[in-house]
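Reader: I would like a close look at a single part of this model, taken slowly and with its surroundings in view. Please start from one residue and then move outward to the ligand site and the charged pairs.

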Amino acid sequence: MKIYISGLYSGTNPQPGVGIARSVRAAYPDATIIGVEYSNRCSGIHWNDFDEIWLQRPWEEINIEVHAGEIKKVLDSGALWISSIDLEIMWLAKSFPDGHPNLLIPPITALEQVSKPAIPAHDGFPVKISPFISTQVSDWELHAFCREHNWMVWLKGPYYDAVRVRSWAQLVEMRHLLSTAWATEDLFLQAHVSGYEESISLSAYQGELLDCVWMRKRDLTEIGKTWSGDISEVEPELREPLCEIISRIGWTGGAELEMIRDTGDGMWLLEWNPRYPAWIHGATITGRNIPAKLIEAASGVPGQKAASQGNEFTRVVLEIPLRPQYPLSPLPEPFPGEVGHSMKHPSGLLQFAGMLHKDEKSGSKKKTTTSAATPVPDTFIEDLNTFDLASLSTPTRIFLENTAAKGFRDASARAEAASTDTIRVTNAYSIKTDPDERLIRLALESGFYAEAISIPEVRKALDVGFRPDQIVLNGPAKWWQKETLAEHSFFTVFCDSLNELDQAIDRLNSGGLQTEYIGLRIRTPNVVSRFGISIATPDEFNRVIDAVRRIPQTTKLGVHFHMASSNIGIRSWEFLFQSILRWCSSLEALTGRLIEVLDIGGGWFPEDMDGGADEGRLKKAVASIPDLLPHVKQVLCEPGKALAQPSMALAMQILEIRDEEEHVHDVVVDGSIAELPMHFFYPHRILTQNGSDLSWTPLERGKTRLLGRLCMEHDIVASNVELPKSARVGDILVVCDAGAYDRSMSYVFGRG
Ligand SMILES: *Cc1c(COP(=O)(O)O)cnc(C)c1O
């Protein structure tokens, strides 16, 4: 009996070849096991269960037709082939479209059924698939997906490769790396599921499930690979549908179903791998030799039974001697000043993936129909059309008047709609976000209060026409320059520390501070923030209770909580909001004081506050208050960027077009990241104007970079856009979504 096993990489992210060989050896002591590898740097080639090593050129050098022919000869000679390299499996399934009884891999139709991220085969299996989105949609939609899923998302390649991305800049960088490596734009983002990692490993032959086991990861490596685990039976209610699926899709070979058990005991299917897991020998030593079952079915020769040595396994690191014919590679040559050791997977698999993918594309001519350009609201265009852009000296910020006004109107309507018989919802415009007088005036006209974090901001609000009793004071330094302001009675003052609260109480008692409400900003437990008063320990909570009890009865009590949902994500925000309601309810019970104003802060990305699919978000939050805090009369909402961000655009001009081989690579513009400091945090929609009919179109995704005018490496205004063919030097590009912090935090740089 001759058995070929490929995939012998045995580093920290191992392939299963060595484990399979150990299991096969345990059942068939006399079999000839031949290890197949594509690099002499895979340490598994030295493992002593392999009687021979069949070493091939790396994937990017190999002649794959010749290789397929050689494999056919091997199979025809009666030898069995177990592949444990995903891409080799894919390629073999295509190279042997009618299969081969000795080739122990699934047919191509079955592989299609388990392809990520949808894994169509899971139909009938009681697991869920985590939400995902193709990266071919626009940046705007990708950013929304990340916010929706709390920035707990994975960027995944077409076959394997997954990186956790936690910020927009990281997403853009990793997308570039992965799409370059895999030679495709067809990646996807998937929401992270947190829970326990469990999996099923199985053997099947021509649609018959031979055996399967359940494994729970008990210890993980730094990159999340199994280090130890326990093995148990697959429950009948899962085994039965699994049997049915295996038969429906006609599976042959090994497989691993990687799953997550969430905290509510729900099961999520992450991957269905077309091969055994690298820990497969861990099952064998518990008495369940899964690979042996496959050999038995394919050869008709029964293997020796495995003895159970308990139901748990762990891994260790072993040193083994080398096979003399495959000595270690020479040490790397130094490059200036350094020596680099590469621990990368050395067999050229990535390049091979690129080749496979190109084949696939040219074969099926699959053309994507999704557009990566996000349309902008009509008001943007109406506003832009009121400017003669050619007459402006660029770069210049454009105030989109109707857009801004509509934003404030909508916010007022939203507050109105969310108000109830007992709770009035009021917006308070965050002046800090964008202190443009036009915006502060719009806030005043739209029935907003003004939210200030310093006395100079208070002065500005008063100058625009706000009354002192429409002012909400917040932040750690709200009394900065207090000598520049006459005494006023404010609407509410939220203290950022217990010291500040103590001082405020003294000033209230002495008449030095007048405000209808006094309150505290609460720091939510388990969330890292430099702001607010911590209530995370019983001691801290006690001190808060004592301080609140000292507040004079003549001043009413409020609580402020601000965690930007644009950072922590929408679902996290909703979760924290509910948690704050509970804390406040305890605070009321323990102090005997009633909370009458609840300030829910700002930090909304424009569309998240806006209707969208979730029109009732604010309404829902407000409606949930009375259950826990029945005395709240007023809810304050402090939008800043939700209103200011869309209110401005930045017009810039093309200074130079650098084209190479009929493709525009780089375009130099007179704008820069000095005018767009938020460039790293969220995507900006960019418009170009057609020279003849003056119509505006959003830029599609492409390979062109917009290089800013600054002589700075990181001044790249956009790195993945496609300019229209008609683009010329002197054309105007309008970068939208450039109000709010893009304006207030912009800096003067490179202007002489
Ligand atoms: C900055 C700030 C806001 C507004 O935040 P945005 O992210 O602009 O919505 C609201 N409240 C307080 C206390 C702030 O400091």
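Author: In this predicted model, Ser130 has a relative accessible area of 2% and is therefore buried, since the limit for that term is under 20%. Ser130 sits in the loop that runs between helix H4 (108-113) and strand E5 (132-134). Leaving aside residues up to four places away in sequence, Ser130 touches Gln190, Ala191, Val193 and Trp268. With one of these partners, Gln190, the C-alpha to C-alpha distance is 6.6 Å, although Ser130 and Gln190 are 60 residues apart in sequence.

From this loop one can turn to the ligand, which is surrounded by 14 residues, the closest being Lys432, Thr433, Gly603, Glu638 and Tyr741. The shell divides into two nonpolar, eight polar and four charged residues. Among the polar contacts, an N or O atom in the side chain of Lys432 is 2.5 Å from an oxygen atom of the ligand, while an N or O atom in the side chain of His562 is 3.3 Å from a nitrogen atom of the ligand. Gly640 takes part through its backbone, where an N or O atom lies 3.1 Å from an oxygen atom of the ligand. On its own the ligand has 390 Å² of accessible area, and the protein covers 93% of that.

The charged pairs come next. Side chains of opposite charge can pair when their charged atoms come close. In this model the count comes to 38 salt bridges, and three of the pairs can be set side by side according to their exposure. Asp86 and Arg275 form a salt bridge in which the closest N and O atoms are 2.4 Å apart. This pair links distant parts of the chain, 189 residues apart, with Asp86 in helix H3 (residues 86-95) and Arg275 in the loop between strand E13 (267-273) and helix H8 (280-284). Asp86 is buried at a relative accessible area of 14%, and Arg275, at 16%, also counts as buried.

In the salt bridge between Arg57 and Glu61 the N to O distance is 2.5 Å; here Arg57 is exposed, with a relative accessible area of 51%, whereas Glu61, at 45%, is partly exposed. Arg441 and Glu437 form a salt bridge with their closest N and O atoms 3.8 Å apart, and both lie in helix H13 (residues 437-445), four residues apart, about one turn of the helix. Arg441 counts as partly exposed at 34% relative accessibility, as does Glu437 at 41%. Finally, Asp211, Glu233, Arg288 and Lys293 are joined in a network of salt bridges.

Technical notes:
Residues are numbered from 1 along each chain as its sequence is written. This is a predicted model: local features need pLDDT of at least 70, side-chain atom pairs count only at pLDDT 80 or more; totals for chains, interfaces and linings use all residues. Side-chain values use heavy atoms; hydrogens and water are left out. Helices (H or I, at least four residues) and strands (E, at least two) are DSSP runs, numbered from the N terminus. Buried means under 20% relative accessible area, exposed over 50%, partly exposed in between (1.4 Å probe, protein chains only). Contact means heavy atoms within 4.5 Å. A residue is near a molecule or strand if one of its heavy atoms lies within 4 Å of it. A polar contact is a pair of N or O atoms within 3.5 Å; within protein, one must be able to donate a hydrogen and the other to accept it, and residues adjacent in sequence count only if both atoms are side-chain atoms. Accessible areas come from the Shrake-Rupley method with a 1.4 Å probe; for residues, only the protein chains shown count as cover. Ala, Val, Leu, Ile, Met, Phe, Trp, Tyr, Cys and Pro count as nonpolar, Asp, Glu, Lys and Arg as charged, and the others, Gly among them, as polar. A salt bridge is a side-chain nitrogen of Lys or Arg within 4 Å of a carboxyl oxygen of Asp or Glu.
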